[in-house]
Amino acid sequence: MKIIPEVKWKNLIEDLNNIRGVSMIIGATDSGKSSLLKYLLKELLRKNLVTSVIDSDVGQSSLGLPGTVSMRIFYNEHDFDKFTFEKMSFVGTINPAMNMSTIISITSKMTKICKENSDFVLIDTSGLISGEIGKNLKILKIKSIQPEHIIALQRENELENILNFVENIYVHRIPVSCMVKIRSREERILYRKIKLKDYFSNSKLNNFIVSKNSIICYYKKNSFIPKYADCLQGKLIGLNYNDETKALGIVDEIDDGSIIFTSPIDSLKNINKIIFGDMKI
Ligand SMILES: Nc1ncnc2c1ncn2[C@@H]1O[C@H](COP(=O)(O)OP(=O)(O)O)[C@@H](O)[C@H]1O
Ligand SMILES: [Mg+2]
């Protein structure tokens, strides 16, 4: 869908270009964060500036897959059409409140990689901004990432309880575009389903049997041994080398000694962790 830029967006490009670095876009659900990010990305690439995108919106990721934090470095204008992730890290949930510390630490690590390799870093975030949880999530994220810019998309003053805590960062307050289309809960669920369906149906799937003794499994940062349980069938898992998820998988069965799953990955040679979560396909 075509993005119609607001007048203020054009000035924003100039402001960002004056002080390069990391920009975090915050705003409620359906405030136009991802659309503004795409606009900024296109304009920055047009100026021949290497620009990275990190998508930390685990519920409605536009760059990556549901339940993941993802990143890509865009080197030139032609890369704009490849708006998909290059690295991802599965966090096991679509609800940022359920695994806040992992989301923040992965986003920080990706920011470091992107900052070292590009002129600009644009970070997309979840729409969780209200209540104590939303406020804490955003404040902790800002403190951990220390962006140069915060782009605050608000309808009224819903972000001020977060922005009150911000010091020494350029804050750009941008009104929500009247072009924003509000999506229903059903549309959001469907969006996630389609993303995962495409991921698993776009490549050949392989079956794996892994001995529980040969790999460490994690659930919310803690290691654990998955037990036989029907409720694990159909669970999404992340096949990781350290923090990086090389591919997702779907659990077929867990028996006494092994984990049986399906994944588009070719080999488990470089996989040293399996990340479990709360998502089922
Ligand atoms: N400036 C714009 N021009 C056209 N459509 C827009 C614009 N801003 C947002 N939209 C539409 O509104 C919807 C929500 O915007 P999105 O950027 O996904 O919000 P958020 O990332 O904050 O949830 C999307 O369907 C998007 O295409
Ligand atoms: Mg979005």
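This passage describes two helix pairs and the surroundings of a ligand in a predicted model.

A convenient place to start is the pair formed by helix 1 and helix 2. Helix 1 covers residues 7-18 and helix 2 covers residues 33-46. Their axes lie 11 Å apart and make an angle of about 55 degrees. Helix 1 and helix 2 are therefore oblique to each other, and helix 1 passes helix 2 in a right-handed crossing. On the helix 1 side, the contact is built from Trp9, Lys10, Leu12, Ile13 and Leu16, and these meet Ser35, Leu36, Tyr39, Leu40 and Glu43 of helix 2. Sorted by class, the residues in this contact of helix 1 with helix 2 comprise seven nonpolar, one polar and two charged.

The second pair consists of helix 3, residues 100-117, and helix 4, residues 131-145. Here the axes come within 10 Å and cross at roughly 30 degrees. Because angles under 35 degrees count as roughly parallel, helix 3 and helix 4 are described as roughly parallel to each other. The crossing in which helix 3 passes helix 4 is right-handed. Helix 3 contributes Met100, Ile103, Ile104, Thr107, Ser108 and Thr111, whereas helix 4 contributes Ile133, Asn136, Leu137, Leu140, Lys141, Ser144 and Ile145. The contact of helix 3 with helix 4 holds seven nonpolar, five polar and one charged residues.

Attention can now turn to the ligand. Ligand 1 is surrounded by 17 residues, of which the closest are Ile4, Lys33, Ser34, Ser35 and Lys181. At isoleucine 4, the backbone takes part: one of its N or O atoms lies 2.8 Å from a nitrogen atom of ligand 1. The two serines use their side chains instead. In serine 34, a side-chain N or O atom is 2.9 Å from an oxygen atom of ligand 1, while for serine 35 the corresponding distance to an oxygen atom of ligand 1 is 2.6 Å. Ser35 thus appears twice in this account, being listed among the closest residues to ligand 1 and also in the contact of helix 2 with helix 1.

Technical notes:
Residues are numbered from 1 along each chain as its sequence is written. Chains are lettered from A and ligands numbered from 1 in the order in which they are written. This is a predicted model: local features need pLDDT of at least 70, side-chain atom pairs count only at pLDDT 80 or more; totals for chains, interfaces and linings use all residues. Side-chain values use heavy atoms; hydrogens and water are left out. Axes are lines fitted to C-alpha atoms, for helices over the stretch in contact, and angles run from 0 to 180 degrees between N-to-C directions. Helices (H or I, at least four residues) and strands (E, at least two) are DSSP runs, numbered from the N terminus. Angles under 35 degrees count as roughly parallel, over 145 as roughly antiparallel, 65 to 115 as roughly perpendicular and the rest as oblique. A crossing is left-handed if the near helix is turned anticlockwise from the far one by less than a right angle, and right-handed if clockwise. Contact means heavy atoms within 4.5 Å. Ala, Val, Leu, Ile, Met, Phe, Trp, Tyr, Cys and Pro count as nonpolar, Asp, Glu, Lys and Arg as charged, and the others, Gly among them, as polar. A residue is near a molecule or strand if one of its heavy atoms lies within 4 Å of it. A polar contact is a pair of N or O atoms within 3.5 Å; within protein, one must be able to donate a hydrogen and the other to accept it, and residues adjacent in sequence count only if both atoms are side-chain atoms.
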